[in-house]
Amino acid sequence: MAQKARGNTTITYNSSNVTQYCTQSDLERTYDQLETTNLASTGKTFITGDESNTIRLQGNWSKALDDILGADAGSGTKRTVAIAYADGAGTVTYTWTSNGEISNYAIQSPANGLRTFSADLTLSGAPTRASA
């Protein structure tokens with residue numbers, strides 16, 4: 001059954017819950033595809049290679065959020081990052097322990113609109129996945 005993201009997604013960065021500042025969070029998990037085709041193959045063959053993980057955040061900027069994310073932006077400091085998805089029957093949580101860093105951080109300030117932010121959390125290694 002489809003679920004709304006609102007109220008069913010939780011994002012933490014360095015043990016700070018940043019969910020209330022976010023209007024969108026996208027978890028991208030991509031995997032390299034390594035070609036293993038040889039002269040005896042009848043078509044291209046592949047194996048899965050390394051994975052790459054990024055959480056892209058967007059939302060409403062505030063000083064409290066900036067104190068959490070802005071202080072680490074571009075520093076290369078690795079922090080614990082977790083994102084949890086609930087569907088009413090259970091929750092799946094992906095955690096990168098001391099392996100998340102802010103690779104992009106932007107503050108948008110339009111003259112006639114809400115001040116917003118965007119941030120990319122680049123995550124090293126595979127996550128620990130917990131399902132409850």
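## Strand pairing around S6

S5 and S6 pair in the antiparallel sense over seven bridges. Two strands count as paired if DSSP finds at least two bridges between them. Helices (H or I, at least four residues) and strands (E, at least two) are DSSP runs, numbered from the N terminus. This is a predicted model: local features need pLDDT of at least 70, side-chain atom pairs count only at pLDDT 80 or more, and totals for chains, interfaces and linings use all residues. Residues are numbered from 1 along each chain as its sequence is written, and side-chain values use heavy atoms, with hydrogens and water left out.

Four residues separate S5 from S6 in a hairpin. Gly 88 sits in that turn, with a positive phi of about 90 degrees. Across the S5–S6 pairing, Arg 79 stands opposite Gly 100. Gly 100 also has a bridge partner in S7, namely Leu 123. S6 and S7 run antiparallel and are joined by eight bridges. S6 pairs with strand S8 (residues 128–131) as well, again in the antiparallel sense, over four bridges. Here Val 92 faces Ser 131 of S8.

## Overall layout

The protein chain holds one helix and eight strands. Their order along the sequence is β-β-β-β-α-β-β-β-β. The radius of gyration is 18 Å, well over the 14 Å that the globule rule gives for 132 residues, so the chain is more spread out than a compact globule. That radius is taken over C-alpha atoms, and the globule rule is 2.2 Å times the number of residues to the power 0.38. Along the principal axes, the C-alpha atoms fill a box of roughly 60 × 35 × 30 Å.

Of the 132 residues, 24% count as buried. Buried means under 20% relative accessible area, exposed means over 50%, and partly exposed lies in between (1.4 Å probe, protein chains only). The accessible surface comes to about 8000 Å², and carbon and sulfur atoms account for 49% of it. Areas come from the Shrake-Rupley method with a 1.4 Å probe; for residues, only the protein chains shown count as cover. Contacts (heavy atoms within 4.5 Å) often span long stretches of sequence: among those between residues at least 6 apart, 60% join residues at least 24 apart.

## The nonpolar core

The largest nonpolar core has 20 residues. Such a core is a set of buried Ala, Val, Leu, Ile, Met, Phe, Trp, Tyr and Cys residues joined through side-chain atoms within 4.5 Å. Those with the most contacts inside it are Tyr 13, Val 18, Ile 55, Leu 57, Leu 69, Phe 117 and Leu 121. Strand S1 (9–13), S4, H1, S5, S6 and S7 each give two or more residues to this core.

Tyr 13 has contacts with residues more than four places away in sequence, including Ile 68, Leu 69, Val 81, Gly 100, Ile 102 and Leu 121. Arg 79 is also among the contacts of Tyr 13. Thr 9 lies in strand S1. Thr 9 is buried, at 13% relative accessibility. Beyond its neighbours up to four places away, Thr 9 touches Thr 19, Ser 25, Ile 83, Ala 84 and Tyr 85.

## Salt bridges

Side chains of opposite charge can pair when their charged atoms come close. The whole structure contains six salt bridges, each a side-chain nitrogen of Lys or Arg within 4 Å of a carboxyl oxygen of Asp or Glu. One of them joins Arg 56 to Glu 28, with the closest N and O atoms 2.8 Å apart. Arg 56 lies in strand S4 (residues 46–60) and Glu 28 in strand S3 (residues 22–35), so the pair ties together parts 28 residues apart in sequence. Both residues are partly exposed: Arg 56 at 30% and Glu 28 at 34%.

Arg 56 also forms a salt bridge with Asp 120 (2.8 Å, N to O). This pair links S4 to strand S7 (residues 116–123), across 64 residues. Asp 120 is buried, with a relative accessible area of 14%. Lys 78 and Glu 101 meet in another salt bridge (2.6 Å, N to O). Lys 78 lies in the loop between helix H1 (63–69) and strand S5 (79–86), and Glu 101 in strand S6 (residues 91–108), so this pair ties together parts 23 residues apart in sequence. Lys 78 is partly exposed, at 36%. Shared partners join Glu 28, Arg 56 and Asp 120 into one salt-bridge network.
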